[in-house]
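Let's take a walk through this model together, with the structure open beside the text.

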Number of protein chains: 2
Amino acid sequence: MSLIVVGSMAFDEIETPFGKSGKIIGGAATYIAWTASNFVKPVQQVSVVGGDFPEAELKALAERGVQLEGVQVKQDQKSFFWAGKYHMDMNNRDTLVTELNVLGDFEPVVPASYQDAEFLMLGNLAPAVQKSVISQMKKRPKLIAMDTMNFWMEVALDDLKEVLKMVDVLLINDAEARQLSGEYSLVRAANKIFEMGPKYLIIKKGEHGALLFHENHVFFAPALPLEDVYDPTGAGDTFAGGFIGHIARTKDISFENMKTAIIIGSAMASYCVEKFGTDRLKEITEEDIENRIRQFIDLVHFDIDLI
Amino acid sequence: MSLIVVGSMAFDEIETPFGKSGKIIGGAATYIAWTASNFVKPVQQVSVVGGDFPEAELKALAERGVQLEGVQVKQDQKSFFWAGKYHMDMNNRDTLVTELNVLGDFEPVVPASYQDAEFLMLGNLAPAVQKSVISQMKKRPKLIAMDTMNFWMEVALDDLKEVLKMVDVLLINDAEARQLSGEYSLVRAANKIFEMGPKYLIIKKGEHGALLFHENHVFFAPALPLEDVYDPTGAGDTFAGGFIGHIARTKDISFENMKTAIIIGSAMASYCVEKFGTDRLKEITEEDIENRIRQFIDLVHFDIDLI
């Protein structure tokens with residue numbers, strides 16, 4: 001019941017109203033792997049890093065059940081680097097530095113040992129890279145989920161549209177759903193996006209929760225109201241990791257089970273933002289996860305007698 | 001089991017991306033009364049209108065079970081008038097015209113026949129007016145809820161703080177909660193606001209739903225994702241009307257029942273925005289309300305087996 005995770009493994013440097021992170025480990029696939037490995041093993045990673053990427057980080061992932069055969073290490077190059085600054089509302093951030101480095105000419109290779117994977121999570125990356133991974137799979141996985149971002153809608157829309165035809169689940173934020181569909185209403189946006197390929201659309205709204213659309217059904221999962229959001233970096237990737245981790249663990253791709261997966265994704269994301277980078281994700285236990293899921297149940301549970 | 005509703009009854013002129021309303025009936029107490037009267041009768045209205053306010057509107061409310069003895073009609077003056085324009089995102093609006101007219105020197109009078117009311121809903125108005133109504137009650141109602149807005153925080157903060165000490169439930173939006181508390185985190189904002197008097201805080205987030213805080217408990221109700229939000233004017237008042245209407249009907253002021261009340265308020269608000277002004281509220285039936293509440297149940301219901 002393995003899961004392939006594709007995405008960046010990188011360095012980040014983050015500034016929030018609470019402090020500065022210094023240079024820390026980041027990248028979509030890093031967050032997804034740390035999160036999904038709570039639920040499913042092995043996680044089969046596809047990524048690329050430079051010679052500067054710490055051995056210890058790779059070792060920690062391997063100990064966690066993350067297979068790294070698909071992670072290319074380019075000794076003479078540098079890892080992808082992103083620096084950004086968040087403002088008080090934490091929903092907006094300025095990108096200060098983007099250095100593609102090894103990501104610039106990344107050609108993913110899916111190892112033979114990954115070919116039996118039933119689930120495929122495409123983290124945010126160039127659509128052409130995402131497509132290459134799907135094309136390398138000899139047997140189509142049971143479920144393919146992908147993340148993307150506004151940048152690819154601007155510079156690689158044709159590639160993006162091709163990948164959209166090949167996936168089952170698209171995860172994007174509300175602004176991206178509006179940009180991709182040209183519709184302000186998220187209900188209308190979902191219907192337009194279904195015409196592009198995906199059968200399931202998850203719209204992430206940060207502190208305002210997440211929506212799951214499928215055919216004419218909709219499900220809403222709140223975000224946990226937190227005293228402090230320390231660093232939102234990676235929250236969306238962590239959400240994706242919890243979502244796909246639960247799906248891969250249960251092997252159940254029904255709409256009902258996706259609701260559960262979204263609650264689990266939301267619970268994991270609520271931990272992610274409590275510390276810089278992956279720090280909190282590395283600490284939490286199974287008990288922590290269960291407790292947080294209980295808080296989500298309390299947050300939305302109500303009994304109602306119809307009038 | 002009567003309910004007193006205090007607030008404006010007025011004229012509005014609204015422009016949205018979908019069209020222009022022309023001059024229509026509005027006002028916080030109008031929306032609250034139309035909504036709450038689905039759940040509880042009589043609704044005992046306290047307001048003021050000018051000689052220009054249509055008889056037919058007052059008659060329609062009376063036929064609905066809304067008592068108007070506390071509504072002053074100042075024949076030689078004009079009713080409150082507000083004109084505003086919404087942009088595409090419907091969360092922001094520009095005020096084009098505000099004419100206080102009869103509201104400028106409004107001195108509310110609570111009729112003797114209202115003195116047994118068990119529930120009091122103070123719609124958005126000058127805090128001094130809200131305070132005057134509370135002071136006129138010979139027996140304190142079982143529950144006092146109030147709405148307010150950023151304007152009063154700017155021009156009448158001392159008065160507002162006095163009223164806050166006298167009420168049980170405060171309903172405000174997220175920006176107002178932040179402004180009143182000086183805290184960005186809504187969890188921290190709630191704790192600061194509890195120190196000002198209210199035991200319950202409802203934070204309205206428009207299309208992002210609503211939060212109910214009480215002691216260290218929190219409950220979240222989503223907004224229904226709609227194809228189109230036609231006119232958001234009065235949605236917050238309609239929410240308040242559904243909330244207090246359910247509480248007054250059940251006479252149950254527990255936290256559990258307030259959760260239900262918030263779902264009902266959200267359901268009513270989702271109808272309000274489907275047409276200009278109170279048009280949709282005047283049409284809907286008990287069956288419509290039940291159907292909408294069922295949609296809210298579907299929207300958030302999930303089953304989860306802890307790991």
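The report below goes from the pairing of the two chains to their sheets, helices and unusual backbone spots.

**How the two copies are related**

Please keep in mind that this is a predicted model. In general, two copies of a chain are related by a rotation about an axis and a shift along it. Here, a turn of 180° with a shift of 0.0 Å along the axis lays chain B on chain A, at an RMSD of 0.0 Å. The two copies are thus related as by a two-fold rotation axis. If you would like a landmark for that axis in chain B, look for B:His208: its C-alpha is the nearest one, at 2.9 Å from the axis. The contact between the copies uses the same surface on both, since 98% of the contact residues of chain B recur in chain A.

**The sheet in chain A**

Now to the strands. Strands of a sheet pair through backbone hydrogen bonds, either parallel or antiparallel. In chain A, nine strands make up an open sheet with mixed pairing, and their order is β5-β4-β1-β8-β9-β10-β11-β12-β13. The edges are taken by β5 (66-74) and β13 (217-221) of chain A; each has a single partner strand, so one side of each is left without a neighbour in the sheet. From one strand to the next, the twist averages 15°.

At one of these edges, β12 (residues 210-214) of chain A pairs with β13(A) in the antiparallel sense over five bridges. Within this part of chain A, A:Leu211 stands opposite A:Phe220, a residue of β13(A). A helix also packs on the sheet: α6(A) touches β10 (169-173) and β11 (200-204) of chain A, and its direction makes about 110° with that of β10(A).

**The sheet in chain B**

Chain B has an open sheet of nine strands too, in the order β5-β4-β1-β8-β9-β10-β11-β12-β13 and with mixed pairing. Its edge strands are β5 (66-74) and β13 (217-221) of chain B, each of which pairs on one side only. Ignoring direction, neighbouring strands are turned against each other by 15° on average.

For a look at a parallel pair, go to β1 (residues 3-6) of chain B, which is joined to β4(B) over four bridges in the parallel sense. B:Ile4 stands opposite B:Gln44 in β4(B). Helix α1(B) lies across β1, β4, β5 and β8 (119-122) of chain B, and runs at about 150° to β4(B).

**Two helix pairs in chain A**

Two packed helices are described by the angle between their axes and the distance between the axes. The table gives these values for two pairs.

| Helix pair | Angle | Axis distance |
|---|---|---|
| α6 (residues 174-181) and α7 (residues 186-196) of chain A | about 60° | 9 Å apart |
| α9(A) and α11 (residues 286-300) of chain A | roughly 115° | within 9 Å |

The angle in the table makes α6(A) oblique to α7(A), and the crossing of these two helices is left-handed. From α6(A), the contact draws on A:Asp174, A:Ala177, A:Arg178, A:Leu180 and A:Ser181; from α7(A), it takes in A:Leu186, A:Ala189, A:Lys192, A:Ile193 and A:Met196. The residues of this contact comprise six nonpolar, one polar and three charged.

The helices α9(A) and α11(A), for their part, are roughly perpendicular to each other, and α9(A) passes α11(A) in a right-handed crossing. Among the residues that meet here are A:Ile263, A:Ile264, A:Met268 and A:Tyr271 in α9(A), with A:Ile289, A:Arg292, A:Ile293 and A:Phe296 in α11(A). The contact of α9(A) with α11(A) is made up of eight nonpolar, two polar and two charged residues.

**Backbone spots worth a look**

Where does A:Pro42 lie? It is in the loop between α1 (28-36) and β4 (43-50) of chain A. A cis peptide bond joins A:Lys41 to A:Pro42, with omega at about -5°. In chain B, the bond from B:Lys41 to B:Pro42 is cis as well, with omega near -5°, and B:Pro42 sits in the loop between α1 (28-36) and β4 (43-50) of chain B.

One more stop is A:Lys251, in the loop between α8 (235-250) and α9 (255-272) of chain A. A:Lys251 is not a glycine, yet its phi is positive, at about 55°.

Key
Residues numbered from 1 in each chain as written. Chains lettered and ligands numbered in written order. Predicted model: local features only at pLDDT ≥ 70, side-chain atom pairs only at ≥ 80, totals over all residues. Heavy atoms only, no water. Axes fitted to C-alpha atoms, helices over the stretch in contact; angles between N-to-C directions. Parallel < 35°, antiparallel > 145°, perpendicular 65-115°, else oblique. Left-handed = near helix turned anticlockwise from the far one by under 90°. Contact = heavy atoms within 4.5 Å. Nonpolar A, V, L, I, M, F, W, Y, C, P; charged D, E, K, R; others polar. Least-squares fit on C-alpha atoms with pLDDT ≥ 70 in both. Pairing = 2+ DSSP bridges.
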